[in-house]
Amino acid sequence: MQGTAQAYTVTEPDDEDDFDLPMPGPLARAVAARSATTPNQVEQRSAENEHVSKSLANVMMGVRFMLGAGKAASEAGFAIAKGATHVGLEVARNIVDGVGEATGLDATGVTPLISGTLAFAEFCAILGIETGRFWTNFGFSTAGTSVRALNNVFGSTEMATAIKEFSALVRREISAEAGQHGISLKDIGTVDSIRALMAWVCLQSSTSALWLSDRTSNSKRMTFGGAGVAEEEPEDVDWSNLAAGGSVDPGDVVKGSIGTPSEHNVVGFPISAADSSSPRTPQSDTQLLIDLRRYVKFATGMYGRHQISAMNGELPKFGFTSNPDPRHTGNKEHHFFAEHADTPLESIYHTTTDDDGFEGILSSQRYKPTVYVIVDHSSSQVILAFRGTNSLEDLMVDLTCEHEDYKYEDAGSFHVHSGMLRAARAVATANQPTRVWEAVVSLLKQNTGYGLLLTGHSLGAGLATCLTLLWTDPSTGTTHAGTGLPVGRPVRCFAYAAPAVVSASLGALCRPFITSVLVGSDLVPRLSLGSVRDLARVVAQLHTSPAIRDDLINRIAFGRGDQEGRDRDVQLRREIEGQCLLSDKLVPPGRTFWIVEGKEEDPNVTSSDPLRMYDVLDPAKTFDQLLFSSTMARDHMPHVYSSLLHKLA
């Protein structure tokens, strides 16, 4: 009917009745038999499943071992073929050149033509060998990844256990009662859950400006006395000049354009401007920004050259550069990291990856985070940089999100993200597959007075945080005797896009030595089991208030109805938050800084002040709920963190 706004309504079929289809006879009998099983039969079936999982894990390990052996053999074969081709054609060219000089044919151009033809033949032959090597390695890698994924899902690895735990968690939360009406998401149904969630998103959008003003009102605005907008890319170094015998100022390699590290204290370790016990000044805030700009390069560089290039909208680089780094031989990821983090290549002391050859195959039962151990002489510290989520194994660490009680020295017991704490323990002690502890001990013993700095983005920030907790005495902010590390070395952590990994009380305790940085409406720092439970309550609350739900959707999503209702939205949001945001939640760790990009509707922002950073005094309040916005995923990207930190002035 033209000219009349239609109410937004959706009729959902009943999950229990409308889709209760008759089952075939054999399937019905199987279901009935399964429901009639005794406890002994259940225990027997569980034992059988465990036996099958272990047997499958052994088979998968054997297959991965054979794939590894095949890959090593093919690598050796291609290397031999490449070397033999080069040597054979090089000898042939030398013979032709010798004959030309002896007979005078080189002056006629005959032997140079033949020699050039042989050089072109060598290029084509080696190109063919390299092409075959690439696709062969690609095939082996794909097969190995597939086998490892199957082992993680159906085998007996830590990841298989995590997947089972997460599946049980999802089933439990869907069936749990949410809200004061005692209904669960399963009772509400999929369509009505989405409709209630859509109404909540509309309400958040309508009240976003005033909500932002409220959340920043109890935070301290950061001021930077002269840091200025910084270039993101390090200064170019003339490597061709170096190859020709010239020299390069080491300062260009270490510092580049990302600033000078903090000054040193009596033990040679940088005094952190993030230490909340020190009085704030524009100079200390500026030094903090310089440090954040420097170490975000270490955190983001862990994603590797292909991912960083893709995030920056760059195409892969092919061919040869006119200014090659003569040291660029060996691991290309190491070279990329050294260039991206603006640190000398030789400072990379130890690295771990998802799969370190045969050792990685034989130890595949344990999760191994990807981490680089770097000795940074410019700031007198050993740096551990952790990679964020980049694989199925990493994702399962993220999703193992239940709380674990953690006794932190004499400070008491606190809640910590169980999956990340478990993963951090895989690098915290001796004789672990990663060998990170041994590398850190070696560097600290070699460099008296050096401290520790841990950093990472997303999952990497969570792992860096948990390892900091395991190694640090909270009363001193230094390594303690129980770690096996040299005692009394200062420790600090820079966590970018840090997940909700610790309870609020533990986060406050860590303020002197852990610094977190969050951007906008980044989803990850707000995502915890508690925030998901709160969201389920919100969905249940709006589901039981269909008039309010449909009014929000009609007014805000579709622009229909009485637009004066926006004046009541703020009060409605406060009421819903008071009734639904009740769960205990984990929060980002330590002293937390929040970067906010200005919007025109924000009354606190002027046209000349589009970007600012706040020192958040109450993370539990500021990050108490999931924010749904068009930038919630974009705000989590590593290149966004790097870009905004360099734009702050």
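**Cores, a hairpin and two helices**

The largest nonpolar core of this predicted model holds 49 residues, and L384, F386, V440, L452, L467 and W471 have the most contacts inside it. A nonpolar core is a set of buried Ala, Val, Leu, Ile, Met, Phe, Trp, Tyr and Cys residues joined through side-chain atoms within 4.5 Å. Buried means under 20% relative accessible area, exposed over 50%, and partly exposed in between (1.4 Å probe, protein chains only). Elements that each supply at least two residues of this core include β5 (371-376), β6 (381-386), α16 (418-428) and α17 (436-446). Helix α18 gives the largest share, nine residues. V440 touches V373, L384, L452, W471 and L485, leaving aside residues up to four places away in sequence; contact means heavy atoms within 4.5 Å. Another core, of 43 residues, lies apart, with Y295, A338, L453 and V519 among them.

Helices (H or I, at least four residues) and strands (E, at least two) are DSSP runs, numbered from the N terminus. Strands β7 (residues 403-407) and β8 (residues 413-417) pair antiparallel over five bridges; pairing requires at least two DSSP bridges. D405 stands opposite H415 in β8. Five residues separate the strands of this hairpin, and E409 takes a positive phi near 50°.

Helix α20 (residues 529-543) is mostly covered, with 11 of its 15 residues buried. Q541 is one of them. Q579 sits in helix α22 (residues 566-580). Its C-alpha is 8.7 Å from that of Q541, 38 residues away in sequence. Q579 counts as partly exposed because its relative accessibility is 40%.

Residues are numbered from 1 along each chain as its sequence is written. Local features need pLDDT of at least 70, side-chain atom pairs count only at pLDDT 80 or more, totals for chains, interfaces and linings use all residues, and side-chain values use heavy atoms, without hydrogens and water.
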